[in-house]
Each structure stands twice: as C-alpha cells, then as structure tokens.
Amino acid sequence: MLSKLIKYDFKALSRVLLPTMAAVAGASLIATLSFLFTEKSYSSANNGGLATMLGGLLAVVMVLAIIAACFLVFFIICAHFYRNLMTDEGYLTFTLPVKTSEILWSKLITAMLWTIISVVVIGLCVLMFVGLSTAASGDGRQLFAQISDALRQMFALFNTQSALIVFEAVLCVLVMLAFSILHIYLALVIGGVVSHRHKILAGIGFYFVISIVVSILTAIAQYYFGSSLIGGINGMGSVIFNPQNEIEAANQLVSAAQPYYWFSIGFTAALDVGCFYLSKYFLEKKLNLE
Amino acid sequence: MSATLECRDLKKSYGPNMALSGLNIELPAGKIIGLLGPNGSGKTTLIKLACGLLTPTEGEIKVCGQQPGTESKALVSYLPERTYLPQWMTVTDCMDYFQDFYPDFDYQRAVSMLESLHVPAKARMKTLSKGTKEKVQLVLVMSRRAKLYLLDEPIGGVDPAARDYILNTIISNYCEDSTILISTHLIADIEKVLDEFIFIQNGQIVSYASTDALREDKGKSVDEYFREVFRC
C-alpha cells in the first residue's frame, strides 16, 4: 500500500512542481541566452558598461526567480500535507485501509524526493547560467579547467576513506532534510489538533515552539557529550599542513571528526524518529476532522 | 457470527463535552438501518468511531469482530457529509484511486452508475457542482462490496429527482451479508428503504426497532414517531 500512497502523493505534487521546475529551467535558459546575446551585441558596439549592467540585471532576475521557486516548492509540499490530512480530504486519507505510519512515510518520501529534484534542477540552472555566461571569456574557461582538475584529483584520491566521507555526507543531508520536513509536519499536525479555527496559524506557532525545544535538546546534548567529542579535533593542532602530507592531514582531520559527525547524524536521526512518532500519535489519537 | 457493528459501553468526550455516553448496540448483517437523532446527538461521532477517524474515550467498538484499524477499514465503506475527493482529480482518477486501495471496488459498476447519473468521467472534481460531487462520492462508496456502509447524510445535497435514484442505488447495490447505516435528517425520504431505525439523543440510544414493528404496533411512520419523540 505504501507504493500506492507514494504514487498518488507524487502525482499530486508533480502536478504543480513539474511545471514549476520546467518554468525555472526555461527562465534560466532565456536569462542565459539573453545574457550572452546582450553581452555580444554591446561588447561589439564598444558599450561594455551597458552590457555589464544588463547582465547583472538578468542575473538578479534569475536569482529572484530561483528564490521564488524554492519558496514555491516549500509551500506546495506543506500545502499538500495540510490539505491531504487536515482538511476534508483527510476523511478519505484516514479511512483508507493503510497504517498512519505508511501515510506519513509516503508524505516524507515524496517531499524528500521533490526537494532533491528541485535542488538538482536549480543547481543545474545556476551552473548553466554561470557556466555559459562566463564561457565566452577566459575566466570561464579557467573556471571550468579548475573544476575539472579538482574533480580529477578527487577521483584519483578516491579510496575507502573518501567513500566513507561521501557516504557520511549523503547520510547527513538525508537525515537533516528529513528533520526539516518532519519538523513542519509535526507543527501542522499539532496546530490542527489544538486549534479548530486557526489551524495554520497555530501550526506556525508550534513550528517555533518545536524549534525552541530542539535548540534546548541540542544544547543539553552538546553540554554532556560535546567536550569529549571536541577533544579529538583539538588534537589536530599538531598536524602540519603542507603540500607533502596534505592527504595524511585530511585523513587525520576526517578521523578526528568522526565521533562528532556520527553523533550529529545520530542526534538528528533521533529527532526524526521523535517528530515522526509524535505526528503519528497526534494523527491517530487526537485528530478530530471537523 | 459476530455483529457487523458492535459497541460496548462506548464513550467519547471532547474535553468536558460528552458526545457518546456508554452506548451499547449490536447491528446485524443484511439490514438497512437509519441512525436518526437531533443535531448534536452523537450520530456523526458514532460513525467516525466506526470508521476509525476517532478513538473511543472508553469502551469498545468493533466492526465484524475487529477493532477499528487497517483490517476494519477494508471492510467499511464510508460516505462523509463533506466532499472529500481531491479537487484536482478527474472522476476517472477517483475511480482509479478507489480501485487501487479497495480490492472490493467494482469498477464496471461505478462506470455504469456514473453514466446513469450523466456524470462526465473526464471532468475534474473542482468543476462539478456540489450535488454532482456528492453523486460521485456515493457512486464510489456504493460500488464497493463492503461489509458495513456508513452513509452520513447521503442525500442532503442532491435534488429530489436524484434522491430516488440514489435510494434505489443503495437498495440494489448492497449484498445480503452487508449492513448499511444511514444518518440523515431527511427521514421521510429514506424511511421507505429502512429495515430498522435507531433513535439517538445525548449520546445514548433512545430507541432501536424495526420499521415494520413500528408501523404495526404504533401505526406510525418513522418520521411521525421521530417528531413525537424529539418534539421541542
């Protein structure tokens, strides 16, 4: 049943987010081509100042469009969760022969997938704009050469240690992304349970309340466990950074940071679990759809 | 054989307000039963508890011997008094949705009923009138081969001409081993299809009897008896 829930949640989000991403990609392409065209036209007419100004203006417009798209993605994910569970649609969702945990998993997985898709699309758009708009100049070619050189070096050094770093980084991003989504979900659920007339407003209020609770928990965790973890990193002062042993220094740095890194991942994962089960509890035991 | 719906000392309170106070009832299979009572008597709360939208404060409620949960939800076909289908879906999307989640959904029956009611299958829910949305919902709910149908105000929003079709649909589409519980204020319209009726007030059963027995014993229709019992 989870796969069916994911199918319909993904369909509901894609209906709005797919055109949004297509619009972002289209706007980026138009902005990039316009930039290249204006720069070429005005540069050839010896009017470099105007070209720079227009280019800057297009860059600003594109940045604003990307920020708007980010907000739209965030808003649509929250609105879908709220509409599907806390409004009349909830009568359908909660009478399906599925577990509440499956409903939450479906909402979480689709939200994470669409966030990742949006980040990739927006990242590629930015890369296209920066890359193509600077490609004509020597700076652009130099930039690309440096990036490809860095990537080549990175892959050359790729070993078990670097695989671990990549794995940790991916895991860290995933648990933090899950927390940021579950945090919003929990706030919306509690807001919907507590208030019958101003559910969204209550949800926003509870978002900040949960943030404060999480900050207190983080401070307590750092107070009790932080000092022992930082000890290892302090020891890094003895490592001499020079081109000859930079790999060794990097390895030592990574090794020293391991406990802190895993503690952060574990702590965030615990927050994920907490938010998930609290949301499940409130949806199962306390929610009364009006 | 266990009752289709069974309540034992069922209580539900919303803060200090008691919606159901120690309700006991057993509904048999193969009956169309009217759940009738004045506003705020606990009808919708009982239905929500039976389909797992609410949890009891005390006591227990069982559907075919099972407490509300994933298994019981597969046996219950619920029609709320709200329009609960996603507005972005087309009527066909809604049928696909029901077919995906309910193994007992009869797709062909739904198509046939929608055609009889002249509901356009390609139309999006948001473009339909309130009455047509209610027809779509009722068709979807009655196209399931469920054990218990819970219909909360099924004919409240449709025109009188469509009411007869809907009531015929209800009678002709349920199996003999199923139970239909209908909550409504339009008693005169539905009483011809009722086998039994339940009067509920202040969260307690006031009367539970067969409509034939009422006519024979008291010589009254359910509507007349309702007005007598709940006279203001």
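This is a short tour of a predicted model with chains A and B, with suggestions on what to select at each stop.

**Stop 1: all of chain B**

Start by selecting chain B and colouring it by secondary structure. You should find nine helices and nine strands. The radius of gyration of chain B is 17 Å, close to the 17 Å that the globule rule gives for 232 residues, so this chain is as compact as a globular protein of that length. If you line the view up with the principal axes, the C-alpha atoms of chain B fill a box of roughly 45 × 40 × 35 Å. Of the 232 residues in chain B, 44% are buried. Now think about how the chain folds back on itself: among contacts in chain B with a separation of 6 or more, 71% are between residues 24 or more positions apart.

**Stop 2: the three-stranded sheet**

Next, select residues 5–14, 17–27 and 58–63 of chain B. These are strands 1, 2 and 4, and together they form an open sheet in the order 2-1-4, with antiparallel pairing. Which strands stand at the edges? They are strand 2 and strand 4 of chain B; each has a single partner strand, so one side of each is left without a neighbour in the sheet. On average, neighbouring strands in this sheet are turned by 25 degrees against each other, direction ignored.

Zoom in on strands 1 and 2 of chain B, which are joined in the antiparallel sense by seven bridges. Show the side chains of Glu6(B) and Glu26(B): Glu6(B) is in a position opposite Glu26(B) in strand 2. Then pick Leu10(B), whose bridge partner in strand 2 is Leu23(B). Follow the chain to the turn of this hairpin, where two residues lie between the strands. One residue to click on here is Gly15(B), which has a positive phi near 60 degrees.

While the side chains are on display, here is a pattern to look for. In a regular strand, side chains alternate between the two faces of the sheet.

**Stop 3: the six-stranded sheet**

Hide that sheet and bring up the other strands of chain B. Six of them make an open sheet with mixed pairing, in the order 5-6-7-3-8-9. Strand 5 (76–79) and strand 9 of chain B are at the edges; each has a single partner strand, so one side of each has no neighbour in the sheet. Neighbouring strands here are turned by 15 degrees against each other on average, again ignoring direction.

For a parallel pair, select residues 32–36 and 179–183 of chain B: these are strand 3 and strand 7, which are linked by four bridges. Within this pair, Leu35(B) is opposite Ser183(B) in strand 7.

Now add helix 1 of chain B, residues 43–50, which packs on the sheet. Which strands does this helix touch? Helix 1 touches strands 3, 5, 6 (148–152), 7 and 8 of chain B, and its direction makes about 145 degrees with that of strand 6. Helix 5 of chain B, residues 130–142, lies across strands 5 and 6, and runs at about 170 degrees to strand 5.

Move on to strand 8 (residues 196–201) and strand 9 (residues 204–210) of chain B, which are antiparallel and joined by six bridges. Ile198(B) is opposite Tyr208(B) in strand 9. These two strands form a hairpin with two residues between them, and in its turn Asn202(B) has a positive phi of about 50 degrees.

**Stop 4: where chain B meets chain A**

Show both chains together. How many residues does each chain give to the contact? Chain B gives 19 residues and chain A gives 17 residues. On the side of chain B, the elements that supply two or more residues are helix 2 (70–73) and helix 3 (91–101). Helix 3 of chain B gives the most, with three residues. By class, this side of chain B has twelve nonpolar, four polar and three charged residues.

**Stop 5: the two domains of chain A**

Finally, colour chain A by its domain assignment: domain 1 is 1–144 and domain 2 is 157–290. Each of these domains of chain A puts 15 residues into the contact. On the domain 1 side, helix 2 (48–86), helix 3 (90–93) and helix 4 (100–135) of chain A each supply at least two residues. Helix 4 of chain A has the largest share, eight residues. The domain 1 side is made up of ten nonpolar, four polar and one charged residues.

Key
Residues are numbered from 1 along each chain as its sequence is written. Chains are lettered from A and ligands numbered from 1 in the order in which they are written. This is a predicted model: local features need pLDDT of at least 70, side-chain atom pairs count only at pLDDT 80 or more; totals for chains, interfaces and linings use all residues. Two strands pair if DSSP finds at least two bridges between them. Axes are lines fitted to C-alpha atoms, for helices over the stretch in contact, and angles run from 0 to 180 degrees between N-to-C directions. Domain bounds come from an automatic or database domain assignment. Two residues are in contact if their C-beta atoms, placed from the backbone, lie within 7 Å. Ala, Val, Leu, Ile, Met, Phe, Trp, Tyr, Cys and Pro count as nonpolar, Asp, Glu, Lys and Arg as charged, and the others, Gly among them, as polar. The radius of gyration is taken over C-alpha atoms; the globule rule is 2.2 Å times the number of residues to the power 0.38. A residue is buried if 20 or more other C-beta atoms lie within 10 Å of its own, exposed if 12 or fewer, and partly exposed in between; C-beta atoms are placed from the backbone.
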